[in-house]
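These are my notebook entries on one structure. I set down each item in the order in which I looked it up.

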Amino acid sequence: MRAWLLVALTASACGRDVQLGSAADAAIPDDVPAESFVPGSYVLALLDTNFNCDGSLSGMESSFAGVTPASQNVVAGVIDLSTVAADTIRLTGVAISSAFNMPTIDLKPDPQSSDPSFPATIWDADISMTFGTGPLTTTQAERFFGIDQATAHDAVMQAAVALLFVTSDQAGACTLSITATLTPQ
């Protein structure tokens with residue numbers, strides 16, 4: 001099921017391709033600590049959205065056209081970022097509590113980074129719970145928030161949010177991928 005995550009990490013923004021992580025980022029050591037992120041308040045901006053469906057839902061993207069970030073309580077706003085441990089950063093704020101139904105989420109280096117096709121610089125939180133129902137009798141079973149550590153000191157950090165909808169038999173899935181940015185406030 002991690003394939004949907006890769007979709008969330010590549011999207012189009014402002015007429016150009018934006019990708020979280022790249023082959024060049026692979027040279028960044030996996031043990032770069034959370035201190036590489038600057039604690040503080042950031043403005044979360046939601047940019048482009050994209051649906052990708054596979055399995056028994058392959059080709060059904062148009063059925064999800066009415067699903068938007070706002071309709072799923074995924075909203076732009078101020079997010080506070082703090083360092084919790086060398087391998088953990090914490091995000092709080094209305095945008096987080098609205099989207100994830102919890103006041104905080106903790107991001108960690110992604111364990112999939114050992115896969116050469118997955119950027120080693122992504123820190124993420126993958127929240128599994130029932131977030132409600134979706135089109136075609138799907139259930140929204142997971143939400144993801146990721147930040148590319150390679151952009152931690154850029155003027156704008158690259159981020160992504162993804163929502164996973166699955167069929168009851170798990171034979172089909174559709175992912176709403178949302179390209180996002182975090183700008184220091």
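**Entry 1: salt bridges**

I began with the charged side chains, bearing in mind that the model is a predicted one. My search returned 2 salt bridges in the structure.

I took K108 and D87 as one of these pairs; their side chains meet at 3.7 Å, N to O. I then asked where the two partners lie along the chain. K108 belongs to strand β6, whereas D87 sits in the loop between β4 (77-85) and β5 (88-92). The two are 21 residues apart, and the pair links distant parts of the chain. I also looked up the accessibility of each partner. K108 has a relative accessible area of 36% and is partly exposed. D87 is partly exposed as well, at 38%.

I turned next to R90, which forms a salt bridge with D106. Their closest N and O atoms are 2.7 Å apart. R90 is in strand β5 and D106 in strand β6, so this salt bridge ties together parts that are 16 residues apart in sequence. For R90 I noted a relative accessible area of 29%, which means that it is partly exposed: the value falls between the limits of 20% and 50%. D106, at 30% relative accessibility, counts as partly exposed too.

**Entry 2: L107 in strand β6**

I stayed with β6, which spans residues 104-109, and examined L107 within it. Is L107 buried or exposed? I recorded a relative accessible area of 0%, so L107 is buried.

I then listed what surrounds this side of the strand. Not counting residues up to four places away in sequence, L107 touches D87, T88, I89, L91, W123, D124, A125, F145, G146 and I147. I checked T88 further: its C-alpha atom is separated from that of L107 by 5.6 Å, although the two residues are 19 places apart along the chain. D87, which L107 touches, is also the salt-bridge partner of K108.

**Entry 3: strand pairing**

I followed β6 to strand β7, residues 122-134. The two strands pair in the antiparallel sense over 2 bridges. In this pairing I found P109 opposite W123 in β7; W123 is also among the residues that L107 touches.

I asked how many bridges join β7 to strand β8, residues 138-148. I counted 10 bridges, again in the antiparallel sense. G134 stands opposite T138 in β8. The strands β7 and β8 form a hairpin with 3 residues between them. In that turn I noted L136, whose phi is positive at about 55°.

**Entry 4: the disulfide**

I closed with the cysteines. I reminded myself that a disulfide is a covalent bond between the sulfur atoms of two cysteines. A search of the whole structure gave 1 disulfide. C53 and C174 form it, with their sulfur atoms 1.9 Å apart. C53 is in strand β3 (residues 40-55) and C174 in strand β10 (residues 172-184). With their positions 121 residues apart in the numbering, the pair links distant parts of the chain.

Why is this disulfide described as right-handed? I read the torsion about the S-S bond of C53 and C174 as about 115°, so the disulfide is right-handed. Lastly, I looked up how accessible the two cysteines are. C53 has a relative accessible area of 5% and is therefore buried. C174 also counts as buried, with 0% relative accessibility.

Definitions and conventions: Residues numbered from 1 in each chain as written. Predicted model: local features only at pLDDT ≥ 70, side-chain atom pairs only at ≥ 80, totals over all residues. Heavy atoms only, no water. Disulfide = S-S within 2.5 Å. Helix = DSSP H or I, 4+ residues; strand = E, 2+ residues; numbered from the N terminus. Buried < 20%, exposed > 50% of the residue type's maximum accessible area, 1.4 Å probe, protein only. Contact = heavy atoms within 4.5 Å. Salt bridge = Lys/Arg side-chain N within 4 Å of Asp/Glu carboxyl O. Pairing = 2+ DSSP bridges.
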